[in-house]
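Colleague: Please take one part of this structure and look at it closely with me, beginning with a single side chain and working outwards to whatever surrounds it. I am still learning to read such pictures, so take the steps slowly.

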2 protein chains.
Amino acid sequence: MIQSETFLNFIHSAPGITPQEEVQILDSFKYITLNNKEFFLREGQICKQIAYVNKGCFSYFQLLANGKKSIIHFAFEDWWISDLESFLNRKVAATFLQALEPSELICIGRDEFEKWMTNSEAFRSCFALKTQRAYIKALERTGKDKSESAEEKYLRMLKEYPQIIQRVPNYDIAAYLGITPESLSRIRRKLAGDGNILPNVNIR
Amino acid sequence: MIQSETFLNFIHSAPGITPQEEVQILDSFKYITLNNKEFFLREGQICKQIAYVNKGCFSYFQLLANGKKSIIHFAFEDWWISDLESFLNRKVAATFLQALEPSELICIGRDEFEKWMTNSEAFRSCFALKTQRAYIKALERTGKDKSESAEEKYLRMLKEYPQIIQRVPNYDIAAYLGITPESLSRIRRKLAGDGNILPNVNIR
């Protein structure tokens with residue numbers, strides 16, 4: 001029985017959902033918990049679930065041909081995680097989804113997801129709207145990522161993910177910014193020297 | 001009367017579309033032509049149309065606070081263009097859409113678009129599927145953009161957009177890669193020196 005208030009509100013907000021549908025849809029979701037560093041998905045697997053982050057945080061990343069780890073995004077509470085291409089098209093994933101803290105997810109499997117995508121207009125709309133918003137955000141980030149300096153990216157990241165410094169290891173922040181951990185330290189020293197007020201840094 | 005075969009096929013492929021719906025939906029689209037360098041959308045305007053590129057090519061870009069031009073993506077034939085956030089939410093656009101050649105678009109305005117999104121399940125599915133695919137592609141690119149060297153990005157760009165060298169000016173290719181035109185020339189010289197077979201470069 002799902003009790004997460006934010007999750008229940010999200011399902012309740014699906015356009016035109018009926019009370020009966022709501023109960024049945026909620027019944028398709030299950031809790032799972034992951035330990036710190038545990039993987040929700042590894043490269044080479046087929047992603048069989050899509051999940052709501054109820055507690056904890058995740059990094060969604062790729063290992064590139066050049067050997068580098070590239071973090072596409074982080075996901076904190078109230079985000080959804082999955083490798084959509086793998087999940088929707090039953091393709092082998094090229095990405096990893098890893099917990100960065102002990103985490104709790106609310107998941108739906110592929111068959112149940114497909115059932116509601118076929119049978120519920122409210123569920124379909126809800127998913128389409130979520131994807132649309134995520135796409136708009138992804139394009140916004142793309143434009144900035146290409147032309148900002150590492151320092152500008154760092155400052156934008158602090159605005160976008162205010163809790164990131166407290167919750168994400170430094171090497172993952174560097175992999176998200178596409179810089180080395182040494183460059184990250186340099187940026188922090190420079191910004192501190194410039195008299196910027198920065199959040200407390202909790203080195204992990 | 002729309003005669004573009006690829007466009008007609010696209011509408012025809014909408015899941016569950018009826019022949020009657022198809023005729024009515026097609027009737028909502030109109031041709032427009034743009035000259036080389038003409039804008040389909042400028043920052044500060046509200047994007048009032050979504051368009052299929054029937055002929056020509058476009059750059060979708062932002063001017064960032066640091067004064068740099070950042071090209072989010074190019075669009076060639078059989079792509080769709082719009083600033084989705086501006087179009088769907090009637091917000092002032094933060095982006096530009098500019099023709100890089102004399103171009104022909106097949107457009108639908110906001111009211112007609114909304115009418116079909118409300119009244120046609122086939123149209124809704126078609127749009128949702130298109131957005132979903134675009135989102136998956138955007139995330140794929142994000143991962144690579146962050147961790148690849150400029151040279152790796154350049155080689156990937158040639159695979160993704162094989163016609164780009166012939167059709168897009170050098171300074172726009174540089175803005176897409178997030179590097180200076182000088183760095184772009186250096187990469188080309190290096191790759192030519194490495195004995196790579198590169199497409200003919202037509203400097204514009």
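Modeller: Let us start from Phe29(A), keeping in mind that this is a predicted model: if its neighbours within four places in sequence are left aside, Phe29(A) is in contact with Ile2(A), Phe7(A), Ile11(A), Trp80(A), Ile106(A), Cys107(A), Ile108(A) and Phe123(A). The largest nonpolar core has 86 residues, and Phe29(A) is one of those with the most contacts inside it, together with Phe40(A), Phe29(B) and Phe40(B). Another core lies apart from that one; it has 23 residues, including Met157(B), Leu158(B), Ile165(B) and Leu184(B).

Two of the contacts of Phe29(A), Trp80(A) and Ile106(A), lead us to the strands of chain A. Trp80(A) belongs to β6(A), where it stands opposite Tyr52(A), and the pairing of β3(A) with strand β6, residues 80–81 of chain A, is antiparallel and runs over two bridges. Strand β8 of chain A covers residues 103–109, and it pairs with β3(A) in the antiparallel sense over six bridges; here Val53(A) stands opposite Leu105(A). As a reminder of what such pairing is, strands of a sheet pair through backbone hydrogen bonds, either parallel or antiparallel. Five of the seven residues of β3(A), which spans residues 49–55, are buried, so this strand is largely enclosed by the rest of the structure.

Chain A also holds a hairpin that is worth tracing by eye. It is formed by β4(A) and β5(A), with five residues between them, and Gly67(A) in the turn has a positive phi of about 90°. Six bridges join strand β4 of chain A, residues 58–63, to β5(A), and the two run antiparallel; the bridge partner of Phe61(A) in β5(A) is Ile71(A). Strand β5 of chain A, residues 69–75, has six of its seven residues buried, so it too is largely enclosed by the rest of the structure.

Let us now cross to chain B, where the strands can be followed as sheets. In one open sheet, four strands follow the order β1-β8-β3-β6 of chain B with antiparallel pairing, and its edge strands, each pairing on one side only, are β1 (30–34) and β6 (80–81) of chain B. Inside this sheet, strand β3 (residues 49–55) and strand β8 (residues 103–109) of chain B run antiparallel and are joined by six bridges, and Gln49(B) has Gly109(B) in β8(B) as its bridge partner. Helix α4 of chain B, residues 110–119, packs on the sheet, where it touches β3 and β8 of chain B, and its direction makes about 60° with that of β8(B).

This helix has two sides that are easy to tell apart. The buried residues of α4(B) are Arg110(B), Phe113(B) and Trp116(B). They lie on the same side of α4(B) because they cover an arc of only 135° around the axis. A general rule helps here: an α-helix has 3.6 residues a turn, so residues three or four places apart point the same way. The face of α4(B) that is turned away from the buried side carries the exposed residues Asp111(B), Thr118(B) and Asn119(B). The buried residues pack against α2 (19–27), β3, α3 (84–89), β8 and α5 (121–147) of chain B.

A further open sheet of four strands in chain B has the order β2-β7-β4-β5, again with antiparallel pairing; β2 (39–41) and β5 (69–75) of chain B are its edge strands, and the twist averages 30° from one strand to the next. A helix of the other chain packs on this sheet: helix α5 of chain A, residues 121–147, touches β4 and β5 of chain B, and its direction makes about 130° with that of β5(B). In strand β5 of chain B we find His73(B), which is buried, with a relative accessible area of 8%. Among the residues that His73(B) touches are Leu139(A), Phe58(B), Trp79(B) and Tyr176(B).

Finally, consider how the chains are placed. A turn of 180° and a shift of 0.0 Å along the axis lay chain A on chain B with an RMSD of 0.0 Å. The two copies are thus related as by a two-fold rotation axis, and in chain A the C-alpha nearest the axis is that of Tyr135(A), 2.4 Å from it. Of the interface residues of chain A, 100% are also interface residues in chain B, so the copies meet through the same surface.

How values were computed: Residues are numbered from 1 along each chain as its sequence is written. Chains are lettered from A and ligands numbered from 1 in the order in which they are written. This is a predicted model: local features need pLDDT of at least 70, side-chain atom pairs count only at pLDDT 80 or more; totals for chains, interfaces and linings use all residues. Side-chain values use heavy atoms; hydrogens and water are left out. Two strands pair if DSSP finds at least two bridges between them. Contact means heavy atoms within 4.5 Å. Axes are lines fitted to C-alpha atoms, for helices over the stretch in contact, and angles run from 0 to 180 degrees between N-to-C directions. Buried means under 20% relative accessible area, exposed over 50%, partly exposed in between (1.4 Å probe, protein chains only). The arc is that of the directions from the helix axis to the C-beta atoms. Copies are superposed by least squares on the C-alpha atoms of residues with pLDDT of at least 70 in both. A nonpolar core is a set of buried Ala, Val, Leu, Ile, Met, Phe, Trp, Tyr and Cys residues joined through side-chain atoms within 4.5 Å.
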